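Biologist: Could you take a single part of this predicted model and go through it closely, giving the cut-offs of your terms as you go?

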Amino acid sequence: MASAPPSLSTARPPTAASLHGGRRRGALPPLPSCGVRPPSLGGLPALRSAPLRRFAVRAALSTADRSAAPVESGGGKELLLEVRDLTAVIAETGQEILKGVDLTIYEGEVHAIMGKNGSGKSTFAKVLVGHPDYEVTGGSMMFKGENLLEMEPEDRSLAGLFMSFQSPIEIPGVSNADFLNMAYNARRRKLNQPELSPIEFWAYVYPKLDLLNMKADFLNRNVNEGFSGGERKRNEILQLAVLGAELAILDEIDSGLDVDALRDVAKSVNGLLTPKNSVLMITHYLRLLEFIEPRYIHVMENGKIVKTGDISIAKTLEKEGFKGVSEM
Amino acid sequence: MAALAFPRHIRTPPKPSSFSNKPKAKPRTRISVRSSLAPPQLGFSDPFVLELAEALEDSLPSPSSPKLSPLQRIRDASSETLLSTPWPSRKDEPFRFTDTSFIKNSTIYPVSRPPPQSLEAPPASCEETQLPQLAIVDGYIVDFGSNLSGLPDGVYVGSLSNATSESLVERIGEFVSGFDWGDLFWSINGVGAPDLAVVYVPAGCRVENPVHLRYYSAEASDEGSNRLPLSNPRVFVLVEKGGEVDIVEEFIGGDGNRCYWANPVLEVVLGEGGKIRHSYVQNQSPCAAHIKWTSVQQEAESSYQLVEVSSGGKLSRHNLHVQQLGPGTVTELSTLHLAFNEQTQDLHSRLVLDYPHGSSRQLHKCIVANSQGQAVFDGNVKVNRYAQQTDAGQLTRSLLLEPRATVNVKPNLQIIADDVKCSHGAAISDLEESQLFYFQARGIDPKTARKALVFSFGAEVVSQLPNSFVQKKVENQIRELLDPR
Ligand SMILES: Nc1ncnc2c1ncn2[C@@H]1O[C@H](COP(=O)(O)OP(=O)(O)OP(=O)(O)O)[C@@H](O)[C@H]1O
Ligand SMILES: [Mg+2]
């Protein structure tokens, strides 16, 4: 494919980039979706602290390249998520939706998945967090070296996996404050820290509301009850801000958001990004990717990731649609 | 039973007043026969019921004070109806789903008097004792545990026999015993009520603090003894034109598995433009039978709001009857029934609208969280021909949390008027899996999530309790049910 100019970041430390390149076997840029990482995890502490997500991807890879070059990504970073040949069906009907998904995410990376309506993006996200509507029929998914398939949904969450729902549901009768407090205390219990009383929690959560430009009365309202589409999305990000996550999967966090809200949300997501934390966004639009810059863009089609590349994929998509991408 | 040929009033020698389902042949020494206007319905007399009636009558002295003449009238009317009312069976529509054989198969005996002079009931909280409250123990109004200071002038709360105003006694007398919708249990109460508690609010008077009626069954038998001491508390509430009061009825079970049968009746007459907010909390012992009647009559423009939370008893039934006596009334009924044990929770409600411009809202929710638990709801709203421009809504939601948990709901709106706005709905569900998952996805385990969801299901009713101390108490009760120690 054409080597689209990397445009993820203006501040791109060349040394780090070359170092990064030097660690790979070939001259090819990293390929996350099928990277096999050698066991050598030590070394390069300087690199580890660098904001890796800002490193540009020099060139996107074609699908043909993928199998040819098993490469590692992350430049000394730990592997966070590794999905191999994942297949999943709708539990009730047995209909197969995921047909062999491969994806690898290292800590500190920002990824995006794009793809047509109904291609299986949300299903993939929900399968990762253990949604009961689906049943995994094959393949593997490892998170921080642990087998997600053996973990209950709440344990996946406590392990640092967060998914913001494309369509967050209402929970009548449970206030947002209570819900968040419960979730936060579950985290604290897991870390052997004392739980926070509602008043202590209020002090903790209040500044986070500000960050998202949310009014305090959101906390008193029932979870998502009567929330507008955009408010629900903001509320998901509020949950993320309260709970934190090592891998945040954001399913169409941009749909239904006005420009200002998108900026607030992006600001808050960027605020959560550290060299250790990763984000996987699902989106249809370039706009979000300009706010939260991904290193990799994957295209999903019919339950598989069929292409992985850099931001140029999103640009082509925006201009020419999926047809343009498949011709890339 | 030949001696029962013309009975209106049957007197037997005092003692033994124990009563079992095995009819014993007892010599009747005196039968008082009064003028018999209606033909005696001997053929329908149920020997079981008759013996029960006798035992009740034996247990009570006839009211000596002339002030209690209203009570005597209640007794007379009730013993009359009792003679023609058999014990209900599952073949009777109102009891189709409610099995009362647990009571019938026990040895029933009226509570002995006098009432105990100390109370093992859980003490009221500090906040509560500040409020006007009346303790009713085994149907008797007792002084200890009652605090009636601080009520506005003209308001009376207490036993009818202690009322000092003759006009009050007369006024009460105008209303009692005019109710023809009752059933056997209504009549049993009428025969067996030892006293009449009165809450009287004069015209235009707004009572600031809620009047708290604390009911307690002191006499109880042990679980497995198959004996049920029966008490019949009776309360009459009269709010005159424009008066306002909050009534809190609390039935306290106390500790342990105490067995008894409480058979209370509350009658409410609400004058024109008057307003009552009625909270009813039933937390009887898990072995108890609790059959309650609430009858409400609403004059024009009056407003009656009921919030009920019932969780106790092995068999608990609330018969609720609300009758509209003039136009423009507002009726709001919110009830929550919780069957977390092997128990039956039953609400039979009937709301009759006969005048225009009324509005009524009914929300009934129940949670059955035991495979041997059962909830029954029969909610009738009748919008009669002259009740035009009525706005009536009825909604029932049930949550079944265990595989064999059952609920029998029969919401029904009967509409005869044509210009009305009515809505109703019934839903029965398990907890929403998607909601549970939302909790889990945020790291909350399903057990905790389930509790939160069950609690929130009930919160729709609980949050309507108008007095915060009652609300807190009920919330704690529900928490305890969800998290038994
Ligand atoms: N629980 C379910 N029951 C039935 N069909 C389902 C279910 N979940 C997913 N599907 C189907 O699987 C396919 C993939 O759905 P999914 O929501 O993953 O698509 P998506 O890529 O997220 O689409 P969009 O861009 O519209 O959000 C669709 O055809 C959808 O109808
Ligand atoms: Mg989707």
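**The magnesium site, and a helix of chain A**

Modeller: A:Ser122 has a relative accessibility of 17% and therefore counts as buried (under 20% relative accessible area; exposed is over 50%, partly exposed in between, with a 1.4 Å probe and protein chains only). The model is predicted, so local features need pLDDT of at least 70 and side-chain atom pairs pLDDT 80 or more, while totals for chains, interfaces and linings use all residues. Residues are numbered from 1 along each chain as written, chains are lettered from A and ligands numbered from 1 in written order, and side-chain values use heavy atoms without hydrogens or water.

The magnesium ion, ligand 2, has as its protein donors the OG atom of A:Ser122 and the OE1 atom of A:Gln166, at 1.9 to 2.0 Å (donors are N, O and S atoms within 2.8 Å, or 3.2 Å for Na, K and Ca; water is absent, so sites may look incomplete). Because A:Ser122 belongs to helix H4 (residues 121-129) of chain A, whereas A:Gln166 sits in the loop between strands S6 (161-164) and S7 (171-175) of chain A, the pair ties together parts 44 residues apart in sequence (helices, H or I of at least four residues, and strands, E of at least two, are DSSP runs numbered from the N terminus). A:Gln166, with a relative accessibility of 31%, counts as partly exposed.

Elsewhere in chain A, helix H9 (residues 229-243) holds A:Leu238, which is buried at 0% relative accessible area. Among the residues that A:Leu238 touches are A:Lys208 and A:Leu180 (contact means heavy atoms within 4.5 Å), and the C-alpha atoms of A:Leu238 and A:Lys208 are 6.9 Å apart.

Definitions and conventions
Lists of a residue's contacts leave out its neighbours within four places in sequence.
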